[in-house]
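Colleague: I've got the sequence and the model up on my screen, and I'd like to go through it with you. Can we take it piece by piece, starting with the charged pairs?

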Amino acid sequence: MNKNLDVLEEVTKTAAAMGSHIIVLPEDGIYGWVFKRETLYPYLEDIPDPQVNWIPCIDPQRFGSSEVQERLSCMARNYSIYVVANMGDKKSCNSTDPKCPKDGHYQYNTDVVYDPEGKFLARYHKYNLFEWETPYFDFAKEPQFVNFNTSFGRFGIITCADILNFREPAVSLVENFKVDTILFPTAWTNGLPLLSAVQFHSAWAMGMRVNLLSANIRKPSLDLTGSGIFTPNGAKKYYFDMETQEGCLLIAEVDARPRQSPMYPPSVNWSLYASNPEHFFSQAEVFTGTIYFDNFTFTELSQEAGNHTVCQKGLCCHLSYKMTEKCNDEVYAFGAFDGLHVIEGEYYLQICTLLKCNTTDLKSCGQEVDTARTKFDYFSLSGTFNTSYVFPEVLLTGTQLATGEFEVLTDGRLTSKHSLSKPVLSVALFGRWYEKDPPHPQSASP
């Protein structure tokens, strides 16, 4: 743990020296990523309510053992920078609490924030846990909408699965609390073709029209990598490297209050274009493929150019495209999914996607693939979405983003601006239909 803190302090010192006002550190970046509930417990600390007006660097013993909190507070104070870190909070409970775990205490996956004086400013308990986390951490009792003001914008905090699994607290932080920037410690396992870290996090920032500072823990052997500084207009800076063990400190200047920027993108009616019957294209022969256990309805892009419509349940997806030159040993498919995703959480999706298949066998369409050779001159993708929460993705070979090479039109079309610079892995409109989601596990527990 202390070795990890040494690394985190060094990058914090460097960031501050380069003029940064705030730094976000990864989820599980202090303790590491592999642990059990009982082995993690000795490392946890009792993190008080931030209203206590406390500078742990000056008064470390005020609330008992606080080695990590002291260290983080001193990092912020010594280098005059806001520090956002992920650690663990423990809270005792007893039999009078019907939800009290058997070991007599709650363990919360927790984000903390310290201001440039080292003052404890904010605490957030993660509300949405992946299923594999539940043996180690407990759900927060209710969604927490943690946000705070600075001289350079209003910030909100969420952690990892909060960005995908449920509406709260992420959407309300943006829409109801009007934050400018989301702080996002994460331990995100990359899932191609639609859920690699930089791919989805960039798309979410664009779809929600907010800045997102995403700090991912790095362990390529477990597909954990990919961090970025994302804005409503795309990635400002990002890092994705599965080949080496080296991490990267990302520093960039972004609009402190993007809604006030002349470059702030307008709102989008995600189904306007696709819902017009005049825009329906002829439907081609379809087949079924699987992406992350979800059964998509696909059609093959057998020609170098074409127009296609693929429908599943209430969602119809439209695609116009032109390849620069079709490689005979590469197959692309166009598909739709409208349904409940049930692996590592249950949530309702509506997705339109163009993607490269793993092999020339159509059964491989939807499988993980990270390289391609086919370039596209043009594409236009749209769908009859029933949700306003749609995230636009364009991913190129090598799991690289196509920043600045595409745009989202106000009628819901995701289109290329010009010939793409690199071969295409996938293009997608990734929709989350929150209203159809099952109840949150916390609301259903005893």
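Modeller: Sure, and keep in mind that this is a predicted model. Let's start with K126, whose side chain forms a salt bridge.

Colleague: Which residue does K126 pair with, and how far apart are the closest N and O atoms?

Modeller: K126 counts as buried, at 1% relative accessibility. The partner is buried too, with a relative accessible area of 2%. That partner is E133, and the closest N and O atoms are 2.9 Å apart.

Colleague: What about R432 and D437, are they buried or exposed?

Modeller: Their side chains meet in a salt bridge, 2.7 Å from N to O. As for the setting, R432 and D437 are both buried.

Colleague: R71 forms a salt bridge as well. How many residues apart in sequence are the parts that this pair ties together?

Modeller: R71 bridges to E9, with the closest N and O atoms 3.1 Å apart. R71 sits in helix α3 (residues 67-79) and E9 in helix α1 (residues 2-17), so the pair links parts whose separation in sequence is 62 residues.

Colleague: And of R71 and E9, which one is buried and which is partly exposed?

Modeller: The cut-off that matters here is 20% relative accessible area, since buried means under that value. R71 has 21%, which makes it partly exposed. E9 comes in at 18%, so the buried one is E9.

Colleague: Which residues are linked with R71 in a network of salt bridges?

Modeller: We've already met one of them, as E9 bridges to R71. The network also takes in an aspartate, so to speak, and its members besides R71 are D6 and E9.

Colleague: How many salt bridges does the structure hold?

Modeller: The ones we went through include K126 with E133 and R432 with D437. For the structure, the count is 16.

Colleague: On to the pockets. Which residues are closest to the centre of the largest pocket?

Modeller: The largest pocket has a volume of about 1,300 Å³, and 48 residues line it. Elements that each supply at least two lining residues are α1, β1 (22-24), β8 (211-216) and β9 (227-231). Closest to the centre are V24, A215, C248, L249 and L250.

Colleague: How many residues of that lining are nonpolar, polar and charged?

Modeller: In the lining of the largest pocket, the charged class has five residues and the polar class 16. The nonpolar count is 27.

Colleague: Which element gives the largest share of the lining of the second largest pocket?

Modeller: This pocket has a volume of about 640 Å³. It is lined by 36 residues, with M206, G207, R209, P265 and P266 nearest its centre, and by class there are 19 nonpolar, 10 polar and seven charged. Several elements supply at least two residues each, among them α4 (170-175) and β18 (390-396). The largest share, six residues, comes from α5.

Colleague: Now the sheet. Which strands stand at the edges of the open sheet of seven strands?

Modeller: The strand order is β11-β12-β15-β16-β22-β18-β19, with antiparallel pairing. Two strands have a single partner each, so one side of each is left without a neighbour in the sheet: β11 (287-291) and β19 (400-401).

Colleague: Within that sheet, which residue of β16 does D338 stand opposite?

Modeller: Strands β15 (residues 332-341) and β16 (residues 347-356) run antiparallel and are joined by 10 bridges. Across from D338, the residue in β16 is Q350.

Colleague: Let's finish with the backbone. Where is P169, given the cis bond before it?

Modeller: The peptide bond from E168 to P169 is cis, with omega near 5°. P169 is in the loop between β6 (153-157) and α4.

Colleague: What is omega for the cis bond joining L192 and P193?

Modeller: P193 is found in the loop between β7 (181-186) and α5. For the cis bond from L192 to P193, omega is about 15°.

Colleague: C160 and T399 have positive phi values. What are they?

Modeller: C160 lies in the loop between β6 and α4 and is buried, at 1% relative accessible area. T399 is in the loop between β18 and β19, also buried, at 3%. Neither is a glycine, and phi is near 45° for C160 and about 55° for T399.

How values were computed. Residues are numbered from 1 along each chain as its sequence is written. This is a predicted model: local features need pLDDT of at least 70, side-chain atom pairs count only at pLDDT 80 or more; totals for chains, interfaces and linings use all residues. Side-chain values use heavy atoms; hydrogens and water are left out. A salt bridge is a side-chain nitrogen of Lys or Arg within 4 Å of a carboxyl oxygen of Asp or Glu. Helices (H or I, at least four residues) and strands (E, at least two) are DSSP runs, numbered from the N terminus. Buried means under 20% relative accessible area, exposed over 50%, partly exposed in between (1.4 Å probe, protein chains only). On a 1 Å grid over the protein atoms alone, a cavity is a set of points where a 1.4 Å probe fits but cannot get out, and a pocket is an open set with protein on both sides within 12 Å along at least five of seven lines; lining residues have an atom within 4 Å of a point. Grid points are joined across faces, edges and corners, and a volume is the space filled by probe spheres set on the points. Ala, Val, Leu, Ile, Met, Phe, Trp, Tyr, Cys and Pro count as nonpolar, Asp, Glu, Lys and Arg as charged, and the others, Gly among them, as polar. Two strands pair if DSSP finds at least two bridges between them.
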